[in-house]
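Me: I would like to go through the labels attached to this model one at a time, and to see each one set against its definition.

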Amino acid sequence: MPLLLGFTSSLQRNQLTMDVRDYPMPSGVHAIPSHLLDLRPDSEVDHALLHPKPVSDEKNIWFFWHSGFTHMHPYTQRNVRAWHRRFSKQGWTIRVLDRLPSSPLNVANFLEISDLQTFPQAFVDGTIGGDHAPQHTSDLVRWPLLLKYGGVYADVGLMQIGDLDRLWNQTIGDPTARFEILSYNAGPVEDRSLTNYFLCCGRNNALFARCHKLFLELWAADGGKTSTEGMHASPLLKGIPLLGAKEPLSFEEDGKKFGPEEVSKMLSDYITQAQVMTMVMGLIDQEDDWDGPKYVAEHVYAMDYMVGSQLINVFTEWNGPKAFELMSLPLPNMDEVESDEQKQARDIVEGCLQQSFGFKLAHGLILRVMGDTLGSLWRKHDGSDNVPGTYATWLRYGTMYWTQDEVPPTLDFQVIEPYKRGPLLRAE
């Protein structure tokens, strides 16, 4: 199967043989009543996204794209539209914030961008640099938004599958429930490694408030950082395992080899925000009356990230080109026998719709380490994620029109030995 399929011919053929209403619904899911969906044309949905209502409660879904929604890649625009179509009629307001000077969705209209208790100096000055400056700018707006307004922060590359509204109403949205945070946990139940691409909480969350303080302290080190390079070595993160250490990765680039230790340091710097969460979750700070291990066991609803948000990669063993080929295949016609590749693609779509709460399309540093991903290939081949009659569009259709019968379970966190005993902002 060639990597780049004939999307135009596939589109024409499938328009003749399959109506979108014929996509098969897997077991374990059911149709969402149409009155709960915003099924207006894209142009009207986009207008709603560009003109959201003022914040009035905690049912906010926050995204960030430095140059704004209209300049996002088409496949991520489709992701965000799907969030709006699914949840806006259940009381959620979806906003894509940006840094455009004249934009009503500029971060400055929601947060005090000159406040050094909210942002580091490099954000205030606009001097954030490095290879991943837009991603790190995005990292810096997540906790301030959640702490001030509450709700959900999600990456634009996250396709939502499960019933967010139902899970929210059973946890954070229920004042009698014990859970105060929703996220995914990277690793087994023994690990404390929340993913920063999906974070949910109410206003002034105790764990995220401390995470934000520690994050700002790391940015303020050495007179003020302009990137996260080297943050993995901060004494304030001492004792936290480096990312990727359990599954060593290496790669070669421009004739230079990067070994497992170097890659782990790179990954840990790239996702310093995750390292910060791990530290705070494993911190006992008696001066601040903070017991992170106890808080996590009692108040964090964390879904397994592999099944919950990475299932396509599990099926394809993290082979991005293979995932792209399978998702680009057309479904067989009524008179056609399903090929082995089509069966594998069907298993992926049905598995995601039945088991996953979302799917995170990977970009950024991971491309250097592992090569092209499904997300990077959808970006390169515009429209390839939205060809009628393909498995990719079956997945997109299912994420908008169907929902799972049950909410995903949380990992059964127990109180663990702390990573650190001492003050949050002092190395001891």
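Reply: Buried means under 20% relative accessible area, exposed over 50% and partly exposed in between, with a 1.4 Å probe and protein chains only. By that cut-off, buried residues make up 55% of the 428 residues in the protein chain. This is a predicted model, in which local features need pLDDT of at least 70, side-chain atom pairs count only at pLDDT 80 or more, and totals for chains, interfaces and linings use all residues. Residues are numbered from 1 along each chain as its sequence is written, and side-chain values use heavy atoms, with hydrogens and water left out.

Me: What makes the protein chain as compact as a globular protein of that length?

Reply: The globule rule is 2.2 Å times the number of residues to the power 0.38, and the radius of gyration is taken over C-alpha atoms. For 428 residues the rule gives 22 Å, and the radius of gyration of the protein chain is 22 Å, so the description applies.

Me: Why is C200 called buried or exposed?

Reply: The relative accessibility of C200 is 0%, so C200 counts as buried. C201 is likewise buried, because its relative accessible area is 0%.

Me: Why is there no bond between the sulfur of C200 and the closest cysteine sulfur?

Reply: A disulfide is a pair of cysteine sulfur atoms within 2.5 Å. The closest cysteine sulfur to that of C200 is in C201, 7.9 Å away, and is therefore too far for a bond.

Me: How many disulfides does a search of the whole structure find?

Reply: The search of the whole structure finds zero disulfides.
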